[in-house]
Amino acid sequence: MNADFRSAIRPSLVMLVAFTILLGLAYPALILGIGQLAFPAQANGSLVRDGDKVVGSELIGQTFAAAKYFHGRPSAAGKGYDGQASSGSNLGPTSKALVDRVRADVKAVRADGLTGDVPGDLLTTSASGLDPHISPASARVQIARVAKARGMTGPQVQAIVEGAVEAPLAGILGEPRVNVLLLNRQLDASGAKTAG
Amino acid sequence: MTFQGWLLIALFTACIIAITKPMGAWLFALYEGRRTPLHVVLGPVERGFYALGGIDPDEDMTWRRYAVHVLIFSFVGVLLTYAFMRLQNVLPLNPQAFPAVDPHLAMNTAVSFITNTDWQSYSGESTMSHLTQMAGLATHNFLSAATGIAVAFAVIRGFARRESKGLGNFWADMTRVTLYLLLPACIVYAVVLVAGGVPQTFAGTAVATTLEGAKQTLALGPVASQEAIKMLGTNGGGFFNANSAHPFENPSAWTNFLQMVSIFAIGAGLTWTFGKAVGNTRQGWAIFAAMLLLFLAGTTVAYWAESAGNPNLHALGLHAADGNMEGKEVRFGIAASALFATVTTDASCGAVNAMHDSFTALGGLVPLFNMQLGEIIIGGVGSGLYGFLIYAVLAVFVAGLMVGRSPEYVGKKIESREVKLAVLAIAVLPLITLGFTGIAAIVPAGLAGLNNKGPHGYSEILYAFSSAVGNNGSAFAGLTASTPFYDGLLAVAMWFGRFFVIIPVLAIAGSLAAKRVVPESSGSFPTTGPLWVGLLIGIILILGGLTFLPSLALGPIADQLAMVHGQLF
């Protein structure tokens, strides 16, 4: 048994150091090299730019509160869409805190003019707190508010929303969805008068 | 539940069935130590590592020697990883200038990554430097996975060899798996992930000015290289706190699908390797079938429960047909979230693409129960197979008792020593899970970390210890575990959960390897047909059920009843 222990020490130390260099340094550096050369946009965070100015990432949601913008889902990441503090609410199905939060949010969207059922994703927090998407239904229920704030007609905004809906890949992978940041940028770029 | 959702589950299942044989055949070549096309490039690396370490790859190790080398290698690995975290403030590649990690957290994390658990009491993006993530943590995503597969190889040899003292060479098994499977597969996989939107940079952050004029700082880093091995090696330790729910770790529905397949790929392949090694691939397929049926059952329950949603929110006006979207991402939706949760806890992966803590009570019961069964439904790489074989030994024993014959499995007589060791492995783990849960549920330090009250709070504790002992690493993440109390207790649970299976199972293999092969006769219980598959499933569910049902009744089942009746906490 003692011989077994003694014989294990040198290979353990050597293999750890050797593999740490290979797997912990060389391998990520190789991927970094390939990634930065072949896919520089993705490798650096899929950033969205307005000229030279970075306005966000295509993959990461951001806070929208103004009436003229489509709103994303509530976020539990930091104080909301904190890109350095991803998190879900982790509230369980019988949590009073969860029910109270949703009740207050329902009241707020009702005051905004939403009638009928509230889409299931609109007032629930995402897993990451950084969800860039909402469901098409959640976008559609906001059309009236956005149109009014921008002085556009409902059908004008509707057309932009429908154009922004992404379909599941091959009809199987993923859900129909709308990227909120990209949709709002399209709205801003549509050149219509904004009053909000 | 939607047709599209079932289509996704069917497509996933088909991919796993299709991948099992080719993956198994590749693993078999490594098991045998055969030359592969990759040897041209990596053969010199392999030989160089042996030369530096003074390793003779042809030395045949007894089960004791094999186990001791696994233990020492793992223990030294803990020390090195601990050092990386404690010294990260003075080491390079720390663009966000993070301080050294607290001792109790560093100890917990080191044990966590070496045991292939990847339980995380920390948020990666605000705690760990790039060097710690890459060299300290991701290195052990490879090595703990390779160690698991190596032990599985040794255990397979126990069944396959006859009148032999040895189980093979740990260093050769571990090195070959790393060099000829994990590393090349991850290089391709990581590049594909970068193409799909997963960042790979040494920059710390990117700063954006949002459309509304606020400043948004986005944490970045070498994510793709870590993501690939995190899934393929069933590690599950995310670069970010939100793990595979974070859009930078898992940007789209197709990366999500790829991640789910890669969790099961090696574990499924090993069932075929086992069958091939014992001379009858139908033996492997029987194990695979039992695993697959348990997986489909879990997926169905989780998908149903999450689709049904939370009546307490529907009562407020949320659209009931949308299911439970709290803690889920829109791009994945209900089906891919329920499927991922089942897959990641069937295997001991522990990556999450949705917050299990916010699942409905029954939806959360599925991942919890999966872990409690011992991570044997496909299971962790290597650990799934050797854990499952413990159940197989018990199943032939029970079958033998029923028909009054001495039990045999793949030509080996199962005798008192093997059954005792199997029972030891299966009894100790629930004792730790339930014992530690009991302690944490009554002491103030245990109750201090809860995010939810009532039965769901208890479920958070039970989930944490089930996850640690099962070396899974997923969490009901509301629990604040970065305290000395939880860090310490969970580290003990993870260490025992790993090595209290590895040591007994290697001992079983050692004793089996020494035996002669009994020729199959008309009196042998066939271990390939549907009867055997049914018996295996029965044994797994009865043992797991008897052990854990009382604890589940106090947690998720009470929670479900409360949810249906509108009782809030």
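A cavity here is a set of grid points where a 1.4 Å probe fits but cannot get out. With that in hand, let's work through this predicted model together.

**Exercise 1. Find the largest cavity and describe its walls.**

*Step 1: search.* Going over the whole structure turns up seven cavities of 30 Å³ or more. The largest cavity has a volume of about 80 Å³.

*Step 2: list the lining.* Leu16(A) comes from chain A, and chain B brings Phe73(B), Ser74(B), Gly77(B), Phe113(B), Ile114(B), His140(B), Leu143(B), Ser144(B), Thr147(B) and Arg498(B).

*Step 3: assign the residues to elements.* In chain B, α3 (63-86), α4 (103-114) and α5 (130-160) each give at least two lining residues. The most comes from α5(B), with four residues.

*Step 4: sort by class.* Five residues of this lining are nonpolar, five are polar and one is charged. Arg counts as charged, and Arg498(B) is in the lining.

**Exercise 2. Do the same for the second largest cavity.**

*Step 1: volume.* The second largest cavity holds about 60 Å³ of space.

*Step 2: lining.* From chain A come Ile172(A), Gly174(A) and Glu175(A); from chain B come Thr2(B), Gln4(B), Gly5(B), Leu8(B), Phe332(B), Ala335(B) and Ala336(B).

*Step 3: elements.* Two or more of these residues are supplied by each of α1 (3-32) and α11 (333-346) of chain B. The largest share, three residues, belongs to α1(B).

*Step 4: classes.* The split is five nonpolar, four polar and one charged.

**Exercise 3. Describe the interface between chain A and chain B.**

*Step 1: count the partners.* On one side are 103 residues of chain A, in contact with 112 residues of chain B.

*Step 2: give the area.* The size of an interface is often given as the accessible area lost when the parts come together. For chain A and chain B the buried area is about 8600 Å², with 67% of it on carbon and sulfur atoms.

*Step 3: look at the pairs.* Two salt bridges run between the chains. One of them joins the side chains of Arg101(A) and Glu326(B), at 2.8 Å from N to O. There are also 51 residue pairs in polar contact between chain A and chain B, both residues being at pLDDT 80 or more.

*Step 4: map the chain A side.* The elements of chain A that give two or more residues to this side are α1 (2-38), α2 (40-43), β2 (53-57), α3 (96-111), β3 (133-134) and α7 (180-189). Of these, α1(A) gives the most, with 28 residues. By class, the chain A side divides into 53 nonpolar, 36 polar and 14 charged residues.

**Exercise 4. Locate the largest pocket and say what lines it.**

*Step 1: volume.* The largest pocket has a volume of about 540 Å³.

*Step 2: lining.* It is lined by 27 residues; nearest its centre lie Gln120(B), Tyr122(B), Asn241(B), Ala477(B) and Leu479(B).

*Step 3: classes.* Ten of the lining residues are nonpolar, 17 are polar and none is charged.

**Exercise 5. Trace a salt bridge that links distant parts of chain B.**

*Step 1: start from the total.* Over all chains, the structure holds 21 salt bridges.

*Step 2: pick the pair.* The side chains of Asp60(B) and Arg161(B) meet in a salt bridge at 3.1 Å, N to O.

*Step 3: place both ends.* Asp60(B) sits in the loop between α2 (39-53) and α3 of chain B, while Arg161(B) sits in the loop between α5 and α6 (170-195) of chain B. The pair is 101 residues apart, linking distant parts of the chain.

Note on methods:
Residues numbered from 1 in each chain as written. Chains lettered and ligands numbered in written order. Predicted model: local features only at pLDDT ≥ 70, side-chain atom pairs only at ≥ 80, totals over all residues. Heavy atoms only, no water. 1 Å grid on protein atoms, 1.4 Å probe; cavity = no way out; pocket = protein on both sides within 12 Å on 5 of 7 lines; lining within 4 Å. Points joined across faces, edges and corners; volume = space filled by probe spheres on them. Contact = heavy atoms within 4.5 Å. Buried area = accessible area lost by both parts, 1.4 Å probe. Salt bridge = Lys/Arg side-chain N within 4 Å of Asp/Glu carboxyl O. Polar contact = N/O pair within 3.5 Å; in protein donor to acceptor, adjacent residues only side chain to side chain.
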